[in-house]
Amino acid sequence: MLDLEVIPERSLGCEQWEFILGMHFSQAVAIIQSQIGIIKGVQVLYSETDPLGADLVITLPQDGIRLIFDPIVQRLKIIEVYNMKLLKLKYCGVTFSSPEVVPSIEQIEHSFGATHPGVYDSEKLLFVLNFRGLSFSFPVDSKYQPGYAHGLGSLQFPTGASPVALRMALYTGSVLAETRAPPLPTICLFNHLYLEEAEVMREGQRTRGLRLKVYTEGPPRLMEPKRQRLTREVRFGDTCQDVASALGAPSRVFYKSEDKMKIHSPNAHKRVTSRRSDYFFNYFTLGIDVLFDAKTQRVKKFVLHTNFPGHYNFNMYHRCEFQLSVPPDRYTSESGKLIDVAAAPVAITAYTKWDTISEQLKPSERPVVLNRASSTNTTNPFGSTFCYGYQDIIFEVMPNNYIASLTLYASESPQHPGV
């Protein structure tokens, strides 16, 4: 049985680990993976058809814990203990719920102190006791109706009949229904770079590079660490030293052993396999991969990941909040009329659906079907994705019409931007 400390409006955990409000989904998963054998059951729930409209949820059924993440920013917004009998819970080092300590209303008030009068939900037959960033739900028999004194609701119970807490929720703010995921806590930064926004720099029909607004842990002020915001640029033709200087050391360096798209290149059968391999700098917390040419050692491709659940690479990257602006095409409608939509450019983000994009641009008519699998496991439970080419951009589209990744490639041999 887990023995955990409750810190209202902040966290649930122990000396070895803690789930912290505002932490990224991948950080919570890393904690669970580190506790194999201690945390034994895990379920991940999401909506395949509406991944932005339904919360991301991690449930630990053997421990009675539910972690609820905002589906857009993918940060932890609610920590719910839905079965308090499966845990030992403490506040300020003193146990308030365990097999030996019953979490009655009196026990909760004794442990956490005075608060506003509770709220009675007559439909759900629940009495909810709220503290700032913390609430407890008590099941109440219908025969106990709230009495009112001085306009305040209260419930009266016979001696020994006080209800026992069924559920506990941790969140930020004072109203659970209005809570939002807080910013990524400073304690969760770990000196990595995190992305606020990635602007795709374009010139005509060609991509030049990326302008990144990032933040990291800065020098402490009054003994407390603070955030430091930076703007960095990386371009086609940059060397690996240029990129490392701008973005720091990558999370991983990955050498390509195969290229599943090579068969679609002109004269692919005539190409001789090189002894040297192109290689990626993987920046997981930025949601970006940078590919370097094996011969020139310069940037030839950027891959921006959206980290939607239901994709093969889900949970590997943070979502890349990219902004891409492309002039719309002049094209002919089914009726044969020339449509000129040269007014406003097409704004594309990590949340734009493919049907919206394809209505305004004219991508390759037939997509390339991409089925991802690892060398050790050839099965992919999430199915194939579809890759559409447009100018120097490849859109990888999921079956639910959301963009899985955006690949930007150099339309000519990579050279230094100043050359």
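**Two open sheets, their helices and a pocket**

An open sheet of 5 strands, with mixed pairing, can be followed in the order β3-β2-β1-β8-β9. At its edges stand β3 (18-20) and β9 (94-97); each has a single partner strand, so one side of each is left without a neighbour in the sheet. Direction ignored, neighbouring strands here are turned against each other by 30 degrees on average. All of this is read from a predicted model.

One pairing within this sheet is a handy place to start looking. Strand β1, residues 3-7, and strand β8, residues 88-91, pair in the parallel sense over 3 bridges. Leu4 stands opposite Leu89, a residue of β8. A helix also belongs in this part of the picture: α2, made up of residues 105-112, lies across β8 and β9. Its direction is at about 150 degrees to that of β9.

What is the order of strands in the open sheet formed by 8 strands? Reading across, the order is β4-β5-β6-β7-β15-β12-β11-β10, and the pairing is antiparallel. The edge strands are β4 (43-45) and β10, each of which pairs on one side only. From one strand to the next, the twist averages 20 degrees.

Within this second sheet, β12 and β15 run antiparallel and are joined by 4 bridges. Here Ser135 stands opposite Ala169 in β15. Helix α1 (residues 25-34) lies across β4, β5 (56-60) and β6, and runs at about 15 degrees to β5.

Charged side chains add another kind of link. The count of salt bridges comes to 14. One of them is formed by Glu80 and Arg66, with the closest N and O atoms 3.2 Å apart. This pair links distant parts of the chain, 14 residues apart: Glu80 is in strand β7, while Arg66 is in strand β6 (residues 65-69).

Several of the strands met above come back at a pocket. Which residues lie nearest the centre of the second largest pocket? They are Lys124, Val128, Ser135, Ser137 and Leu176, out of 19 residues that line the pocket. Ser135, then, has two roles in this description: it stands opposite Ala169, and it is among the residues nearest the pocket centre. The elements that give two or more residues to the lining are β7 (76-81), β10 (119-121), β11 (126-131), β12 (134-139) and β15 (167-170). These strands all appear in the order of the sheet of 8 strands. About 460 Å³ of space lies in this second largest pocket. Sorted by class, its lining has 11 nonpolar, 4 polar and 4 charged residues.

Notes: Residues are numbered from 1 along each chain as its sequence is written. This is a predicted model: local features need pLDDT of at least 70, side-chain atom pairs count only at pLDDT 80 or more; totals for chains, interfaces and linings use all residues. Side-chain values use heavy atoms; hydrogens and water are left out. On a 1 Å grid over the protein atoms alone, a cavity is a set of points where a 1.4 Å probe fits but cannot get out, and a pocket is an open set with protein on both sides within 12 Å along at least five of seven lines; lining residues have an atom within 4 Å of a point. Grid points are joined across faces, edges and corners, and a volume is the space filled by probe spheres set on the points. Ala, Val, Leu, Ile, Met, Phe, Trp, Tyr, Cys and Pro count as nonpolar, Asp, Glu, Lys and Arg as charged, and the others, Gly among them, as polar. Two strands pair if DSSP finds at least two bridges between them. Axes are lines fitted to C-alpha atoms, for helices over the stretch in contact, and angles run from 0 to 180 degrees between N-to-C directions. Contact means heavy atoms within 4.5 Å. A salt bridge is a side-chain nitrogen of Lys or Arg within 4 Å of a carboxyl oxygen of Asp or Glu.
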